[in-house]
Number of protein chains: 4
Amino acid sequence: MDEYKIKVEIPVQWRDMDSAHHVNNVVYLKWIEAARIRYFMHLNNGKLQNEDKIGPILAWQECKYIRPVTFPDTVIVGIRRVETLEDKIITESKIYSKALDRVVAFSKQHTVSYDFKTRRKVPLPLNWLYNS
Amino acid sequence: MDEYKIKVEIPVQWRDMDSAHHVNNVVYLKWIEAARIRYFMHLNNGKLQNEDKIGPILAWQECKYIRPVTFPDTVIVGIRRVETLEDKIITESKIYSKALDRVVAFSKQHTVSYDFKTRRKVPLPLNWLYNS
Amino acid sequence: MDEYKIKVEIPVQWRDMDSAHHVNNVVYLKWIEAARIRYFMHLNNGKLQNEDKIGPILAWQECKYIRPVTFPDTVIVGIRRVETLEDKIITESKIYSKALDRVVAFSKQHTVSYDFKTRRKVPLPLNWLYNS
Amino acid sequence: MDEYKIKVEIPVQWRDMDSAHHVNNVVYLKWIEAARIRYFMHLNNGKLQNEDKIGPILAWQECKYIRPVTFPDTVIVGIRRVETLEDKIITESKIYSKALDRVVAFSKQHTVSYDFKTRRKVPLPLNWLYNS
């Protein structure tokens, strides 16, 4: 996971499992969100939105599930930018299970910048371009 | 939404919104899961797993977010099969907001059949092939 | 459930169950929150907070679990005020399962009024006293 | 928190906050559940249910909310037994916020022993009595 700038460590909880006795697919995306939030805070001096109320909004995501995770375990989620387009940032992330000692999911996300006052997409803020 | 065999109606709750005052991206995937579960129960006489403990497991999903949803609202999630491959079923789903009167998200899923006793992928059960 | 002014109907989802194959205890409190939110919106012309950013905040709650609920089912949650104290409103609520045709949980809540600008408890707003 | 035998440390996530910009009341109970699960696993050699499928089921809980928690933060949840009755164990727990350096919630729980095969309450297992 060394190639990931932002890494978040999250303890798996019993309730993360569903009635099929595995961690539910939706929980993987909660974990990825936790890393994504940290990444966009990192780009913007620790704040999710800037002083003009411009912040990230998720436009698309995908997740490939490799291995079921069970409680107890601890996962590490890494995220990094792979591309900057005119109106979006593409990030890629990986979930690693300590108990299984392997990557259990891959994900990609498209994030756009959104003005929470006017409720419209806006050009990417400069600090999303200057920082990485 | 008429082209969808399985449709699930879900009331949006206040807590579905996050601190950005929109329904959180992960909640859309919970809604889609609710429809997907219903679809696989429909293929198997109302049961999620068959008597040999073979049932669906999600291998991949993507979601395109079109419009933010807010509370109060009610969404309708439709799901249908678009392709049957040797080892997976590909489904497609749509989330429609009653308050906005438009589709707010599209999603696709790859579901494989999994033996919950041996913890391995197995060939698709016959009733996943015979039913649609 | 006729004695309840506010009633909210919620479809149980598969994921509401946990690894013990019952709806998880925490989900009951999400359902109760959904009804409580509706009750405080009802007191305040459909808005959760008034124009001064004063709104409800939960100070205490209890829940007695009577019967396990399983998917599929639909629950109805009723809530009503039982007492108005100087600095709080006490409400009582019940969860009824359609599939079981019985009450499956009782709950009580203490809600105080909170100024979200100054981040302090404030006296109960007048429309919480005038309306019921 | 030294008087607590079982302590669980949990990082607060952005999504734990709701639209009122505080951690949602229901999340506190998820945290408490995480500690309660650990406590009952501790009583039973690391397993939640014993080989006869007898395990804990929550019969009642209350929670007193002292202070709002916000992201980012890390909480520590402690739990301990306060009484053993004929048919239930009463536990008490506390949530401590590292960022606020204070206790933010108190909770009590009644847990009974349940036979997940016959779906009935059963006498407390011996290892719930011998261990503490």
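How many bridges pair E5(B) with strand E6 of chain B, and in which sense do the two run? Keep that in mind for Exercise 1. The model you're looking at is a predicted one.

**Exercise 1. Trace the strand pairings of chain B around E5(B).**

Solution.

Step 1. Start with the opening question: E5(B) and strand E6 (residues 120–121) of chain B pair over two bridges, in the antiparallel sense. Within that pairing, B:Asp115 has B:Arg120 as its bridge partner.

Step 2. Look at the turn. The hairpin of E5(B) and E6(B) has four residues between the strands, and B:Arg119 takes a positive phi near 60 degrees there.

Step 3. Go to strand E4 (residues 89–97) of chain B, which is joined to E5(B) by nine bridges and runs antiparallel to it. A pair to find on screen: B:Lys94 is bridged to B:Phe106 in E5(B). E4(B) and E5(B) also make a hairpin with four residues between them, and B:Asp101 in the turn has a positive phi of about 50 degrees.

Step 4. Add E2(B). Eleven bridges pair E2(B) with strand E5 (residues 102–115) of chain B, again in the antiparallel sense. Here B:Leu58 sits opposite B:Thr111.

**Exercise 2. Work out how chain A meets chain B, and which symmetry operation links the two.**

Solution.

Step 1. Count residues: 15 of chain A are in contact with 15 of chain B. On the chain A side, the elements giving two or more residues are helix H1 (25–43) and strand E2 (54–65). E2(A) gives the most, with eight residues.

Step 2. Sort that side of chain A by class, and you get nine nonpolar, two polar and four charged residues.

Step 3. Check for strand pairing across the interface. E2(A) is joined to strand E2 (residues 54–65) of chain B by five bridges, and the strands run antiparallel. One pair to look up is A:Gln61, whose bridge partner in E2(B) is B:Cys63.

Step 4. Superpose the copies. A turn of 180 degrees with a shift of 0.0 Å along the axis lays chain A on chain B, with an RMSD of 0.0 Å. The residue of chain A that comes closest to the rotation axis is A:Glu62, with its C-alpha at 2.0 Å.

Step 5. Compare the two sides: 100% of the interface residues of chain A are interface residues in chain B too, so the copies meet through the same surface.

**Exercise 3. Do the same for chains B and D.**

Solution.

Step 1. This contact takes seven residues from each of chain B and chain D. The chain B side divides into two nonpolar, three polar and two charged residues.

Step 2. Superposing chain B on chain D takes a turn of 180 degrees and a shift of 0.0 Å along the axis, with an RMSD of 0.0 Å. The two copies are therefore related as by a two-fold rotation axis. The same surface serves both copies, as 100% of the contact residues of chain B recur in chain D.

**Exercise 4. Are H1(C) and H1(D) roughly parallel or roughly antiparallel?**

Solution.

Step 1. Take the axes of helix H1 (residues 25–43) of chain C and helix H1 (residues 25–43) of chain D: they come within 10 Å and cross at roughly 170 degrees.

Step 2. Angles over 145 degrees count as roughly antiparallel, so H1(C) and H1(D) are roughly antiparallel to each other.

Step 3. Pick out the residues. H1(C) contributes C:Asn25, C:Val26, C:Leu29, C:Lys30 and C:Glu33, while H1(D) contributes D:Asn25, D:Val26, D:Leu29, D:Lys30 and D:Glu33. By class, the residues of this contact are four nonpolar, two polar and four charged.

**Exercise 5. Find some unusual backbone angles.**

Solution.

Step 1. Set the baseline: most residues other than glycine have a negative phi, and most peptide bonds are trans.

Step 2. Check omega. The peptide bond from C:Phe71 to C:Pro72 is cis, with omega near -5 degrees. C:Pro72 is in the loop between strand E2 (54–65) and strand E3 (74–84) of chain C. In chain D, a cis peptide bond joins D:Phe71 and D:Pro72, with omega about -5 degrees.

Step 3. Check phi. A:His21 isn't a glycine, yet has a positive phi of about 65 degrees. A:His21 lies in the loop between strand E1 (6–11) and H1 of chain A. In chain B, phi of B:His21 is positive as well, near 70 degrees.

Step 4. Judge the exposure. A:His21 has 14 other C-beta atoms within 10 Å, so this residue is partly exposed.

Note on methods: Residues are numbered from 1 along each chain as its sequence is written. Chains are lettered from A and ligands numbered from 1 in the order in which they are written. This is a predicted model: local features need pLDDT of at least 70, side-chain atom pairs count only at pLDDT 80 or more; totals for chains, interfaces and linings use all residues. Ala, Val, Leu, Ile, Met, Phe, Trp, Tyr, Cys and Pro count as nonpolar, Asp, Glu, Lys and Arg as charged, and the others, Gly among them, as polar. Two strands pair if DSSP finds at least two bridges between them. Copies are superposed by least squares on the C-alpha atoms of residues with pLDDT of at least 70 in both. Axes are lines fitted to C-alpha atoms, for helices over the stretch in contact, and angles run from 0 to 180 degrees between N-to-C directions. Angles under 35 degrees count as roughly parallel, over 145 as roughly antiparallel, 65 to 115 as roughly perpendicular and the rest as oblique. A residue is buried if 20 or more other C-beta atoms lie within 10 Å of its own, exposed if 12 or fewer, and partly exposed in between; C-beta atoms are placed from the backbone.
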